[in-house]
Amino acid sequence: MDLIRAIEDNAAELLMAMGAAGGGEQRDDAGARWTIGGSPIDYHNAIVGASNVSAVAESVAALKKHGVPGCWHVGPSMRIDPAALTDAGFVSGGGEPGMAARIADLVAPPAVPGLTLTRAPDDAALAVWESTLGQGFGEGEREARWVASVYRKLGYGDPWRHYIGWLDGTAVATATVFLGAGVAGVYFVMTVPEMRRSGIGAAITYGALQAADAEYAVLGSSPAGRAVYERLGFRAYCTIELYEWTATG
């Protein structure tokens with residue numbers, strides 16, 4: 001399997017599906033692939049494919065039309081000169097290591113006493129997932145509210161699997177597994193701030209993947225999370241560079 005392409009394609013499929021559920025304008029043709037206008041969050045108004053530099057100006061026009069912030073997700077398969085993005089007003093937001101591992105080869109992390117993992121099967125459980133995610137992921141409650149709103153529309157069956165980590169009966173962590181591009185993608189791994197550095201993130205990532213119907217798992221890591229995933233057995237195969245646009249009205 002081409003794991004670099006699987007890392008890119010799983011994330012692209014997730015972003016396109018979430019953007020569509022949010023009401024975004026979808027483009028998926030030989031020139032570009034994007035979802036724009038469905039989210040208040042720059043990361044999710046995502047340009048995930050382009051074949052030539054003209055797509056840069058076209059994406060700016062779409063972002064301006066919808067009055068939203070946006071983000072180019074530039075992986076190895078996207079042949080776009082970063083200078084074209086910065087010249088158009090995009091700002092580098094850094095890179096995410098694209099990581100992958102064979103699920104059967106993952107190294108079980110140390111057990112966390114009192115920790116259990118459940119899958120969210122309905123709106124009531126997703127409300128707990130949302131309130132937990134909002135305590136420490138990305139833009140906090142604002143991002144968690146939008147993400148949960150599109151997940152309610154997308155439903156609770158495959159390819160979507162949302163998990164809540166409970167410590168002695170209290171919700172303390174989240175994770176989502178998205179089955180796409182032939183792999184299990186791991187997203188929205190978050191432990192509430194007061195419980196971090198206790199092994200919970202590794203435990204819920206490992207636990208969620210044990211039930212995944214895939215041979216390989218992929219993810220985009222934050223720099224801080226990379227060492228955690230490496231201890232589980234993930235390896236970095238590429239970097240996804242982010243270029244962000246701030247709406248100016």
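Here is a short conversation about a predicted model of a protein chain.

Visitor: How many helices and strands does the secondary structure of the protein chain come to?
Guide: Happy to start there! The chain has 249 residues, and 50% of them count as buried. Its secondary structure comes to 7 helices and 11 strands.

Visitor: What is the radius of gyration, and what does the globule rule give for 249 residues?
Guide: Along its principal axes the C-alpha trace spans about 55 × 35 × 30 Å. The chain is as compact as a globular protein of that length, because its radius of gyration is close to what the globule rule gives for 249 residues. The two values are 18 Å and 18 Å.

Visitor: Which strands stand at the edges of the sheet?
Guide: Good one to trace on screen. The 11 strands form an open sheet with mixed pairing, in the order β1-β2-β3-β4-β11-β5-β10-β9-β8-β7-β6. Two strands each have a single partner, so one side of each is left without a neighbour in the sheet. Those edge strands are β1 (25-28) and β6 (115-119).

Visitor: How many bridges join β5 to β10, and over how many do β5 and β11 pair?
Guide: In the strand order, β5 sits between β11 and β10. Toward β10, Gly98 has Gly220 as its bridge partner, and Arg102 has Tyr216; toward β11, Met99 is partnered by Ala236. Strands β5 and β10 run antiparallel, and β5 and β11 also pair in the antiparallel sense. The counts are 5 bridges for β5 with β10 and 8 for β5 with β11.

Visitor: Which helix packs on the sheet touching β1, β2, β3, β4 and β11, and which lies across β6, β7, β8, β9 and β10?
Guide: Angles help to tell them apart. The helix touching β1 to β4 and β11 makes about 15° with the direction of β2, while the helix across β6 to β10 runs at about 150° to β9. They are α2 (residues 54-66) and α6 (residues 200-210).

Visitor: Which strand gives the most to the largest nonpolar core?
Guide: That core has 52 residues, and Leu209 is one of those with the most contacts inside it. Leu209 touches Val177, Val186 and Phe234, among others. A second, separate core of 20 residues includes Val60 and Leu63. For the largest core, the strand giving the most, with 7 residues, is β8.

Visitor: What share of the accessible surface belongs to carbon and sulfur atoms?
Guide: The accessible surface of the chain comes to about 10600 Å². Of this, the carbon and sulfur share is 52%.

Conventions
Residues are numbered from 1 along each chain as its sequence is written. This is a predicted model: local features need pLDDT of at least 70, side-chain atom pairs count only at pLDDT 80 or more; totals for chains, interfaces and linings use all residues. Side-chain values use heavy atoms; hydrogens and water are left out. Two strands pair if DSSP finds at least two bridges between them. Helices (H or I, at least four residues) and strands (E, at least two) are DSSP runs, numbered from the N terminus. Contact means heavy atoms within 4.5 Å. Axes are lines fitted to C-alpha atoms, for helices over the stretch in contact, and angles run from 0 to 180 degrees between N-to-C directions. A nonpolar core is a set of buried Ala, Val, Leu, Ile, Met, Phe, Trp, Tyr and Cys residues joined through side-chain atoms within 4.5 Å. Buried means under 20% relative accessible area, exposed over 50%, partly exposed in between (1.4 Å probe, protein chains only). The radius of gyration is taken over C-alpha atoms; the globule rule is 2.2 Å times the number of residues to the power 0.38. Accessible areas come from the Shrake-Rupley method with a 1.4 Å probe; for residues, only the protein chains shown count as cover. Lists of a residue's contacts leave out its neighbours within four places in sequence.
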